[in-house]
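Visitor: I am new to this structure. Please show me how to read its features, starting with empty space.

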Amino acid sequence: MDDLLQRVYQVFYPAPLTPEQHALYVNLDEARGEADVVGRLARRIRFADHRPTCQVLAGHKGSGKSTELLRLKRDLEQSTPRHFVVYCEADKDIDRNDVDFPEVLIAIVRQLAAQLKAPPTHIILKPGYFKDRWERVKKFLTSEVQFDSLELDIGLATLGGTSKASPDARKEIRALLEPDTNNWLHAANDVIGQAVAELVKKGYAGLVILVDDLDKMIVRPHESSGRTTDEHLFVNRAPQLTAFGCHVIYTMPLSLAFSHQQETIKQTYGGYLPLVPMTKVMTRPPNSKVYER
């Protein structure tokens, strides 16, 4: 009996549908009242004419944001022109209790480098300007890491792991990175430029990075900016979040999407704020009944 319950639980566990499970997807646009989120995100990328775009996506927990992002990944990879899409799971590199731009940058570049070197692309990115930046932070690491002989994703995994595991180390690393933010962005865009050039050689139209899990960040007063942590990241740090040299989409907390910053968010991230609504199952009271459409 316990084995049966375990199997049933696993079948109905609300995990995102992977591209391999595409046949299980049910289009709920009619019940949601929101049309074609994936299509709208994809069109802005395709119509950009090689200019980098930056968008955000919001929705309730469990509404299907990750599933929609994975559908977008499949669509962009299989349509013409095809794009190479990095699905960046921020939770792998970032402590959701304490998120700022330096950790986001490290997560993006690490997961980009790791996914590019895997099949089918087999692209090994050179550290480039990260070698110069590395000298400033390597003293915080528990083991010696040399970028001259090491792949980029391994070096950044070591740095990101140290930052995620130790709040004290994270504060010190940020203190070193913050005054040097423009140079770290320059190093990131140097790597992204390498990636795009190699991908074009392999027949891709461009690079898209989907940064998931930032909607799960803990929203609390920020210790220094006078804002909440989500405002600090998506409003104060918007000049950095939008500065990557490729297409980027971030998930963001729903509370921020409906806050007094809503218009600022729209203007900053592409002119509109796509939402993944919950599925309607009942009509409104006082005469509630099952929604049958």
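Guide: The structure holds three cavities of 30 Å³ or more. This is a predicted model, where local features need pLDDT of at least 70, side-chain atom pairs count only at pLDDT 80 or more, and totals for chains, interfaces and linings use all residues. Residues are numbered from 1 along each chain as its sequence is written, and side-chain values use heavy atoms, with hydrogens and water left out.

Visitor: How is a cavity found, and what lines the second largest cavity?

Guide: Rolling a probe the size of a water molecule over the atoms shows where empty space is left. A cavity is a set of points, on a 1 Å grid over the protein atoms alone, where a 1.4 Å probe fits but cannot get out; lining residues have an atom within 4 Å of a point. Points are joined across faces, edges and corners, and a volume is the space filled by probe spheres set on them. The second largest cavity encloses about 50 Å³. Its lining is Phe101, Pro102, Leu105, Leu177, Thr181, Trp184 and Arg237. H5 supplies the largest share of that lining, three residues. Helices (H or I, at least four residues) and strands (E, at least two) are DSSP runs, numbered from the N terminus.

Visitor: Which residues of helix H8 are buried?

Guide: Buried means under 20% relative accessible area and exposed over 50%, with partly exposed in between (1.4 Å probe, protein chains only). In H8 (residues 167-177), Ala169, Arg170, Ile173, Arg174 and Leu177 are buried. They lie on the same side of H8, because their arc around the axis is only 135 degrees. That arc is taken from the directions from the helix axis to the C-beta atoms. The face turned away carries exposed Asp168, Lys171 and Ala175.

Visitor: What do the buried residues of H8 pack against?

Guide: Contact means heavy atoms within 4.5 Å. The buried residues of H8 pack against helices H5 (101-117), H6 (130-137), H7 (152-165) and H9 (181-201).

Visitor: Where is Pro274 found?

Guide: Pro274 is in the loop between helix H13 (262-268) and strand S5 (275-276). Pro274 counts as buried because its relative accessibility is 2%. Leaving aside neighbours within four places in sequence, Pro274 contacts Val37, Leu41, Val56, Leu57 and Ala58.

Visitor: How far apart are Pro274 and Val38 in sequence and in space?

Guide: Pro274 and Val38 are 236 residues apart in sequence. In space they are 9.4 Å apart, C-alpha to C-alpha.

Notes
On a 1 Å grid over the protein atoms alone, a cavity is a set of points where a 1.4 Å probe fits but cannot get out, and a pocket is an open set with protein on both sides within 12 Å along at least five of seven lines; lining residues have an atom within 4 Å of a point.
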